[in-house]
Amino acid sequence: MDIKSNRDVSVWQVPHPSGHAEGVETIFQEGLRFHRQGDLVQAALYYRQVLSQTPVHADAWHFLGVVTMHQRDYPTARIYFEKSLALCDTKAVYFNNYGVVLDQLKCPHESQAAYQMALDLNPNYADAWSNLGRLLADQKHYAGAEKALLNAVRLEPNHPDANLHLIDFFRATHRENDAIYLCRNLLKTHPDPVKVKIKLGDLLLHAGRYGDALPVFQELECIVPDHFNVQYGLGQIYAELDQMATSKTTFQRLAILHSDLPLLRWKHLNYCPAIFGNTASVERYWNFLHCELDELLEKQVVIDWRSSGHDHLWPSFHLAHHGKSCRGLREKFSAVYARAFPHRRLKSVSKPRIRIGFVTSRGNEDGLLRGTAGIIKRLDPERFESLVFCFSSSVKHCRHALPDERIGIIAMPDHFEQASQVVRESGCDILYYWKVEPGTWNPFLAMTRPAPVQCTSWGTLGTSGIDALDYYLTSPFMEPEDIDVSPHYTEQVEMLATFPMFEPRNDIPKNVSRDEFGLPRNGAIYFCPHRISKYHPSFDELLRRVLDCDPNGHLLLKIHSSESTAAQQLKCRMTQMLGKSLMRRVIFLGKLSCDQYQRLFSLATAVLDSPVFTGGYTAYDAFSYGVPMVTMPGTVGVQAFTSGFYRKMDMCEMAAHSPEQYVEMAIRLGTDRDFHEAVSRKILERCDVLFNEELAVREFERFFEKAIQKECER
């Protein structure tokens, strides 16, 4: 909330005071005149002069509070507002502004009560509805927030703050299209169109609509060329559109204006396009990253470790989706911080039980809980004590999944240095990081060495590249056969006897039909339920050959947003590879609810694995429903998961070892009904070995005890 706005803080709605001596009233009106002109210092002098003569002047106390609040002295402003309310509790504006200062003082419940008092006095008070709606949205009380904000715009359709708060509300509730629509309409009426345009650009950027966002940010660059968010957004957009040279120049220009952010000029290295036009462009990008990182490492940039939580440089999530080992690049990213973290390795202290901390990050809680909650619940409480570290917004969610009070749920502060201290002071012997990936604090938290032993596993999508992480937990079923995988990992590889997860089995949905999703009634449905970055250019050729060989089959792609730039780029590239005729048998579906996803999945004839990144949770889902997967293992771990599931089920014959075998397997599953039914039946008969694996729990226990014993012997 911008407290300088006359709409968030109501100033001029108070009727002029009456009933005071004429001299005092003249002084007060002079104070108001200076206040309207923006001369807060002079206004305060006049208000204080009024109060020196008439200490019971409620309006003088109130407006002195408004001045003090604009000066960001919120505790003093609160005192002044309370003095005014003690003298007069019948003016809605008093309660509204009191609510604003309470909000700034992080007193949400008292603030909400103040706004409600204002509305009790004046139900048609748009400012109070606006402020109440924003407060409720911040507290995630979305039903009440929507009602309050809609009341504000009903009373004043062009209310500037209420409309901006409504945009933020739509974004928080994943109604991005509504937010974008409102932004475009507000550009015509809002008194600060630049602020609205920045919100519009930011919405388009985070929706992945880079092509739409680019002209918005380019226009903003002409209006506010030195605006941080504008230049930062442009740099990100250029990188996502594979215009790396322009992205680099943009961030370099921004870095000149912000010398306090030493890594800013290298921010283009954080980004990687989700979709590349061809394999050659992937190779160029990797070579570019290596050259840029080599240059950065030569600079030996001085970094304050405490700022790494927000001013960070780390490889893109998409990097693991190119069929390559990421070790070299990730180690270079890690080396940027080699001298920044002064923390020494902690010594293990003997305890009756080994204390294990499971670390997740904002937005990745479900990933940890789905595959690891079963392990956390089943660790022997006589030998192990479990803690889960998450952000405060996820504490209830984690507790619901882990109701046993013996499992500690620890909320990490939103400040990186404080969060690091909380984890360190927890006294964990071992920290297990579910995901050491871009957009999280986990790489930098690990670098602070808050526990004697640190490890990660398959959620990290290959090695972390961080020396401070001691172990990578994997399995022979998750790695390519007959290959020494240790060169792929910075960490010491710890091979478990099974998959490092405890996954419950899904029930097969009932009464599902193709009509429910508008799918063709006849022919095979080849399903690709993958995130968009798995659609490597090499995948297009396999898909083309499958459709070419099965004239009755259809390809079903679940792409999160059909409007995103990456989705449009994928459609364009696939059209060039498949041709318009085959593209008529390609069906794109958008976002689905969990129930819809499961029902749709159960209808698939076969799932087509990407050759660069196979299924993890996707494979669990497919095999739960008896849906065969077509897979072709490669030379790095993320290419071997599905074939490992087949090996676990003693169905090794289902893994293809060449593009020709891949296509042949897909066509046979799609066109030979007897073969498909036999494979599906065998999967359903054997897939129990994949689910609810107690062996996974025992393997985690074995590893934890082994790691601590080794640590004590150091």
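## Exercises on loops, helix packing and cavities

Asp242 sits in the loop that links helix H13 (228-240) to helix H14 (244-257). Helices here are DSSP runs of H or I with at least four residues, strands are runs of E with at least two, and both are numbered from the N terminus. The model is predicted: local features need pLDDT of at least 70, side-chain atom pairs count only at pLDDT 80 or more, and totals for chains, interfaces and linings use all residues. Residues are numbered from 1 along each chain as its sequence is written.

**Exercise 1.** Describe the backbone and exposure of Asp242.

Step 1. Phi of Asp242 is near 65°. That value is positive, and the residue is not glycine.
Step 2. The relative accessibility of Asp242 is 34%. Buried means under 20% relative accessible area, exposed over 50%, and partly exposed in between (1.4 Å probe, protein chains only). Asp242 therefore counts as partly exposed.

**Exercise 2.** Place Arg449 and give its phi.

Step 1. Arg449 lies in the loop between helix H20 (442-447) and strand E5 (453-456).
Step 2. Phi of Arg449 is near 50°, a positive value in a residue other than glycine.

**Exercise 3.** Is Val302 buried or exposed?

Step 1. Locate Val302: the loop between helix H15 (279-299) and helix H16 (327-335).
Step 2. Its relative accessible area is 67%, so Val302 is exposed.
Step 3. Check a distance. The C-alpha atoms of Val302 and Leu263 are 9.1 Å apart, with the two positions 39 residues apart along the chain counted as separation.

**Exercise 4.** Work out how helices H6 and H7 are oriented.

Step 1. Helix H6 (residues 108-121) packs on helix H7 (residues 126-138) at about 155°, with the axes 9 Å apart. Axes are lines fitted to C-alpha atoms, for helices over the stretch in contact, and angles run from 0 to 180 degrees between N-to-C directions.
Step 2. So H6 is roughly antiparallel to H7 (under 35 degrees is roughly parallel, over 145 roughly antiparallel, 65 to 115 roughly perpendicular, the rest oblique).

**Exercise 5.** How many cavities of 30 Å³ or more does the structure hold?

Step 1. There are two. A cavity is a set of points on a 1 Å grid over the protein atoms alone where a 1.4 Å probe fits but cannot get out; lining residues have an atom within 4 Å of a point.
Step 2. The largest has a volume of about 180 Å³, the second largest about 50 Å³. A volume is the space filled by probe spheres set on the points.
Step 3. The largest cavity is lined by 18 residues.

Note on methods:
Side-chain values use heavy atoms; hydrogens and water are left out. On a 1 Å grid over the protein atoms alone, a cavity is a set of points where a 1.4 Å probe fits but cannot get out, and a pocket is an open set with protein on both sides within 12 Å along at least five of seven lines; lining residues have an atom within 4 Å of a point.
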